[in-house]
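Thank you all for coming; I would like to walk through one structure today, slowly, for those who have not seen it before. Please have a look at it first, and then we will go through it together.

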Amino acid sequence: MSSSKRDFITLLDCSTDELTALVARARELKALRDSRTLHQPLKGRTLAMIFQQHSTRTRVGFEAGMSQLGGHAIVLSPDDTQLGRGEPIRECMNSTL
């Protein structure tokens with residue numbers, strides 16, 4: 001995949017080669033997981049998730065994924081931060097992480 005940041009909204013956002021590489025990498029990661037090989041590329045990393053609406057499936061999926069890859073996930077809600085009082089997300093993230 002390209003090193004520049006891009007949005008991935010539809011399959012049309014990627015070339016055939018990029019999608020092929022993405023599926024191949026997913027297969028590699030799944031094989032590592034299935035063989036119980038320790039693979040923690042996100043060790044020492046924290047994912048902060050900010051939800052404006054409750055999203056159990058998304059939250060649990062990201063928490064499980066971060067855990068499986070060695071990282072940690074936290075949920076920040078408007079009640080837990082100054083977001084509910086209009087503070088920009090960038091300010092919230094700078095003071096939290």
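Let me begin with Phe8, which is partly exposed, its relative accessible area being 47% in what is, I should say at once, a predicted model. This value lies between the cut-offs of 20% and 50%, which is why Phe8 counts neither as buried nor as exposed. Along the chain, Phe8 sits in the segment that comes before helix H1, the helix covering 16–34. On the surface, Phe8 joins Leu11 and Leu22 in a nonpolar patch, and together these three residues have about 310 Å² of accessible area.

Moving on along the chain, we come to Arg36, which is found in the loop that runs between H1 and strand S1, the latter spanning 46–50. What is the phi of Arg36, given that this residue is not a glycine? It is positive, at about 60 degrees. Arg36 has a relative accessibility of 78%, and because the cut-off for exposed is over 50%, Arg36 counts as exposed.

Let me now step back to the chain as a whole, which has three helices and two strands, and whose elements follow the order α-β-α-β-α when read from the N terminus. The chain has 97 residues, of which 12% count as buried, and its accessible surface comes to about 8,100 Å², with 52% of that belonging to carbon and sulfur atoms. Finally, if we take the contacts between residues at least 6 apart in sequence, 50% of them join residues at least 24 apart.

How values were computed:
Residues are numbered from 1 along each chain as its sequence is written. This is a predicted model: local features need pLDDT of at least 70, side-chain atom pairs count only at pLDDT 80 or more; totals for chains, interfaces and linings use all residues. Side-chain values use heavy atoms; hydrogens and water are left out. Helices (H or I, at least four residues) and strands (E, at least two) are DSSP runs, numbered from the N terminus. Buried means under 20% relative accessible area, exposed over 50%, partly exposed in between (1.4 Å probe, protein chains only). Contact means heavy atoms within 4.5 Å. Accessible areas come from the Shrake-Rupley method with a 1.4 Å probe; for residues, only the protein chains shown count as cover. Patches are made of residues with over 30% relative accessible area and no salt bridge: like charges are joined within 9 Å, nonpolar side chains (Val, Leu, Ile, Met, Phe, Trp, Tyr) within 5 Å. A salt bridge is a side-chain nitrogen of Lys or Arg within 4 Å of a carboxyl oxygen of Asp or Glu.
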